Amino acid sequence: MSLLINAYSTLASPPEPRFLREPPARRDRSDPELVPHLQGFVGYVLGTVEGMDARTFGVLRHLQRVQTHYSFEVEDQDFDALAAWGEAANVLCFLPDGSVRDAAGNVLASQGDPAVEADAALPYPPDARERKARSEAELERLGAQSPAHLPPVLGAGEVRLRTPEETMRRMLALCAVAVRAESLSSEPLSLQDIATRLGAGVAALTPAERDFIERDAPDEETWANHGWRYESAALLQWALGLSEALPPPTAICDAGQIARIAIDHADEARIAQASLRPLPELLDALDGLYRRHWLVRQARLDEREPPIGLHPSVVYERHYALNWLLRFDEQDWDEVGTPT
């Protein structure tokens, strides 16, 4: 007897299900119909619950990150092989009974029958789990503790990293808006003034950023938000190897130094030579900032100071920039989210 399985992997290059009798149907992000399909699947899962909980949120986050979709029939005697493959491929499975299950067959979401099972486990790649453990241990050494229920961030096999050139242009654009924001407190610089030193950055501005620079008198909140972009730029400069170390997010960066580095790298030859740090370093930074951002937000809810000297705005800007760099939900710069 066989059972139809739809398996959803977050990996770009998962291992093939070689235990199958017949080759599976397979599609990836190059198929324009996959993303709409996943969006519909997210809507289906939302319809199985009355309120959001950690388990359902984890299922939704998995579906939003899916890169490879398989459909195949599996024989009864091959369920153990399916479970082993599913764990290696980091999949969630959808069955004809309308249930979403982990690779071992435990129910994570359903319309009520079969019932959700307490021992169902959300899948995360091994390197992501190890990174979470290291981040938690580091925070504990520093005197802070993030809750165990916070999930790992991306594993290396799940990442769709932005290109070095795109990252360099984004860094330059961030410096352009930050320089403009800083100048508003003394002698405002025009778009043309900024373009003489950061022309490539001006060319890479988003519509919202260009609107800010071209306004004579932006409101104070918009002005302040763009002034903090020095911190996002500092993170991207580190990611590009333009600065040696990423200091703890406990103090603001040296804005003058960040601007000088940007100006020195604003020509097309420097942009073409750009390269990024090794992916594990970027993911280590993301995992650590994700947990620190939770600590900052919880401290605000508790109406107390953030632990271990964390600077809320620095943490936020770094988390924002890394989520953009690592394509969190494939969002453009102005729409990047930083959920914790």
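Q: Where in the chain is Trp333 placed?
A: In this predicted model, Trp333 belongs to the segment after H13.

Q: What makes Trp333 count as buried?
A: The cut-off for buried is under 20% relative accessible area. Trp333 comes in at 3%, so it passes that test.

Q: Which residues does Trp333 touch, leaving aside those up to four places away in sequence?
A: Contact here needs heavy atoms within 4.5 Å. With that rule, Trp333 touches Arg170, Leu174, Thr206, Glu209, Arg229, Ser232, Tyr320, Ala321 and Trp324. Take Tyr320 as one of them: Tyr320 and Trp333 are 13 residues apart in sequence, and their C-alpha atoms are 8.8 Å apart in space. The 4.5 Å limit applies to heavy atoms in general, while the 8.8 Å is a C-alpha to C-alpha value.

Q: Why is Thr56 called buried or exposed?
A: Thr56 has a relative accessible area of 5%. Buried means under 20% and exposed means over 50%, so Thr56 is called buried. Thr56 lies in helix H2, residues 54-65. Its contacts, not counting residues up to four places away in sequence, are with Val45 and Val49.

Q: What makes a group of residues a nonpolar core, and how many residues has the largest one?
A: To belong, a residue must be buried, be of a nonpolar kind such as Leu, Ile or Met, and be joined to others through side-chain atoms within 4.5 Å. The largest set of this sort has 61 residues. Those with the most contacts inside it are Met171, Leu172, Leu198, Leu205, Ile213, Leu236 and Leu325. At least two core residues come from each of helices H5 (164-183), H6 (191-203), H7 (207-214), H9 (229-239), H10 (255-264), H12 (279-301) and H13 (312-325). H5 gives the most, with 11 residues. As for the general background, nonpolar side chains in soluble globular proteins tend to be buried together.

Q: Which residues does Ile213 touch, not counting those up to four places away in sequence?
A: Ile213 touches Ala176, Val177, Arg180, Leu191, Ile194 and Leu205. There is also a second, separate core of 17 residues, with Leu34, Leu38, Leu60 and Leu63 among them.

Q: How do you know that S1 and S3 pair, and in which sense?
A: Pairing requires at least two bridges between the strands. S1 (residues 2-9) and S3 (residues 68-75) have 8 bridges, in the antiparallel sense, so they meet the rule. Leu4, for instance, stands opposite Glu73 in S3. S3 also pairs with S2 (residues 25-28) over 4 bridges, again antiparallel, and there Asp28 has Thr68 as its bridge partner. S1 in turn pairs with S4 (residues 91-94) in the antiparallel sense over 4 bridges, where Asn6 stands opposite Phe94.

Q: What makes S2 and S6 edge strands?
A: The open sheet has 6 strands in the order S2-S3-S1-S4-S5-S6, with antiparallel pairing. S2 and S6 (107-109) each have a single partner strand, so one side of each is left without a neighbour in the sheet.

Q: Why is the largest cavity called a cavity, and how much space lies in it?
A: A cavity is a set of points where a 1.4 Å probe fits but cannot get out. The largest cavity holds about 110 Å³, and the count of cavities of 30 Å³ or more comes to 1. Its lining includes Arg61, Gln64, Leu154, Phe328 and Glu330. Sorted by kind, the lining residues are 3 nonpolar, 2 polar and 7 charged.

Q: What are the volumes of the largest and second largest pockets, and what lines them?
A: A pocket, in contrast to a cavity, is an open set of points. The largest pocket has a volume of about 680 Å³. It is lined by 30 residues, and the closest to its centre are Phe57, Tyr124, Pro151, Pro152 and Tyr290. H2 supplies the largest share of that lining, 7 residues. The lining divides into 18 nonpolar, 6 polar and 6 charged.
The second largest pocket has a volume of about 510 Å³. Of its 23 lining residues, Asn225, Trp228, Arg229, Tyr316 and Glu317 are the closest to the centre. H13 gives the most to this lining, with 5 residues. Here the split is 9 nonpolar, 5 polar and 9 charged.

Definitions and conventions: Residues are numbered from 1 along each chain as its sequence is written. This is a predicted model: local features need pLDDT of at least 70, side-chain atom pairs count only at pLDDT 80 or more; totals for chains, interfaces and linings use all residues. Side-chain values use heavy atoms; hydrogens and water are left out. On a 1 Å grid over the protein atoms alone, a cavity is a set of points where a 1.4 Å probe fits but cannot get out, and a pocket is an open set with protein on both sides within 12 Å along at least five of seven lines; lining residues have an atom within 4 Å of a point. Grid points are joined across faces, edges and corners, and a volume is the space filled by probe spheres set on the points. Ala, Val, Leu, Ile, Met, Phe, Trp, Tyr, Cys and Pro count as nonpolar, Asp, Glu, Lys and Arg as charged, and the others, Gly among them, as polar. Buried means under 20% relative accessible area, exposed over 50%, partly exposed in between (1.4 Å probe, protein chains only).
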